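Visitor: I've got a structure to look through and not much time. Can you put it up and take my questions?

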Amino acid sequence: MAIEFHQFLCLQDNFGLLAHDPATGATAALDAPDAEPILAALAAKGWGLTDIWLTHHHDDHIQGVAALKAHFANARVVGARKDAARLPPLDLSVVEGDIIQLGAHNVRVLETPGHTLGHLAYYFVQQKVAVVGDTLFGLGCGRVFEGTMPMMYESLMKLASLPDETRVYCGHEYTQANAAFALAVDPDNAILLQRVKEIDSLRASGKFTVPTSIGIERATNPFLRADNSKLQSHLGFDHANPVDVFAELRERKNHF
């Protein structure tokens, strides 16, 4: 049986996400922004919490762990080995390439440093679903707080190399805000123009713009298009190294 994903809002614009294996009852919370809405979602679904998988150490992704553990004492907390000192106590510390299981389903750990040095993504292999935290957003990417621009670009390219049909769950509902910047730097992208109309329609009706997909992000997200000649030309970076183009994009977005 396929993994069931259930997404909902936490805090102001964080996403809560549950992944549930109907065959075994195993359920993982992907990050823990706020225990209350996660507990409410579990109750509404009739699921018990068996796992808490963390993408990175920022408070808006981990502050609900203690309260969740108070309700589900045996829930397994998973996070980056290299960031264990900055995360809640881990039951399983993981590194690049590790395979962890949710029920009978394999999930591959991807190290995606840049936003933070210990950032992780989780790739559900059979379902072709990537949970990417704050590395990749709809039409955007996370700020480079701890890593370097080349490091962040490499992490984004790692995600971009996943199959086009991969569904992508990110940490925040930022897509509509990111669209304005994307249009400013990639104004002649017809696929982007159409996507922005769809995004505006979704938000006007109160719907989420996530999950997105690797394919649509590759076609429309400027941070995955640093090697595109038209985008480079618009920036005045013709024939530049894509890492340098990415760095320019990220700096412009920081002040947009």
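Visitor: What gives the most to the lining of the largest cavity?
Guide: β2 does, with 3 residues. Before going on: this is a predicted model, where local features need pLDDT of at least 70 and side-chain atom pairs count only at pLDDT 80 or more, while totals for chains, interfaces and linings use all residues. Residues are numbered from 1 along each chain as its sequence is written, and side-chain values use heavy atoms, with hydrogens and water left out.

Visitor: What's a cavity here, and what's β2?
Guide: On a 1 Å grid over the protein atoms alone, a cavity is a set of points where a 1.4 Å probe fits but cannot get out; a pocket is an open set with protein on both sides within 12 Å along at least five of seven lines, and lining residues have an atom within 4 Å of a point. β2 is a strand: strands (E, at least two residues) and helices (H or I, at least four) are DSSP runs, numbered from the N terminus.

Visitor: How many cavities of 30 Å³ or more are there in the whole structure?
Guide: The search finds 1. The largest cavity has a volume of about 100 Å³, a volume being the space filled by probe spheres set on the points, which are joined across faces, edges and corners.

Visitor: Which residues lie nearest its centre?
Guide: Phe15, Leu30, Val131, Cys170 and Gly171 do, out of 13 residues in the lining of the largest cavity. At least two lining residues come from each of β2 (14-20), β10 (129-133) and β13 (167-170).

Visitor: OK, pockets. What's the volume of the largest one?
Guide: The largest pocket comes to about 230 Å³. Its lining has 15 residues, and Phe137, Cys141, Arg143, Tyr174 and Arg250 are the ones nearest its centre.

Visitor: Which helix supplies the largest share of that lining?
Guide: α9 does, with 3 residues. Both α5 (175-185) and α9 (242-254) supply at least two residues of the lining of the largest pocket.

Visitor: Since you mention α5, is Thr175 in it buried or exposed?
Guide: Threonine 175, which lies in α5, is buried, with a relative accessible area of 0%. Buried means under 20% relative accessible area, exposed over 50% and partly exposed in between, with a 1.4 Å probe and protein chains only.

Visitor: Switching to α4. Which residues are buried there?
Guide: In α4, the buried residues are Met149, Met152, Tyr153, Ser155, Leu156, Leu159 and Ala160. Looking down the axis of α4, these residues fall within an arc of 160°, so they line one face of the helix. The arc is that of the directions from the helix axis to the C-beta atoms.

Visitor: Anything odd in the backbone? Which peptide bond is cis, say?
Guide: The bond from valine 210 to proline 211 is cis, with omega near 10°. Proline 211 sits in the loop between α6 (190-204) and β14 (212-213).

Visitor: Why point that out?
Guide: Because most peptide bonds are trans, and most residues other than glycine have a negative phi.

Visitor: So what is phi at Leu139?
Guide: Leucine 139 has a positive phi of about 65°, although it is not a glycine. Leucine 139 is in the loop between β11 (136-137) and β12 (140-141), and it is buried, at 0% relative accessible area.

Visitor: And His239, buried or exposed?
Guide: Histidine 239 is exposed, at 80% relative accessible area. Its phi is positive too, near 60°, and its place is the loop between α8 (229-235) and α9.
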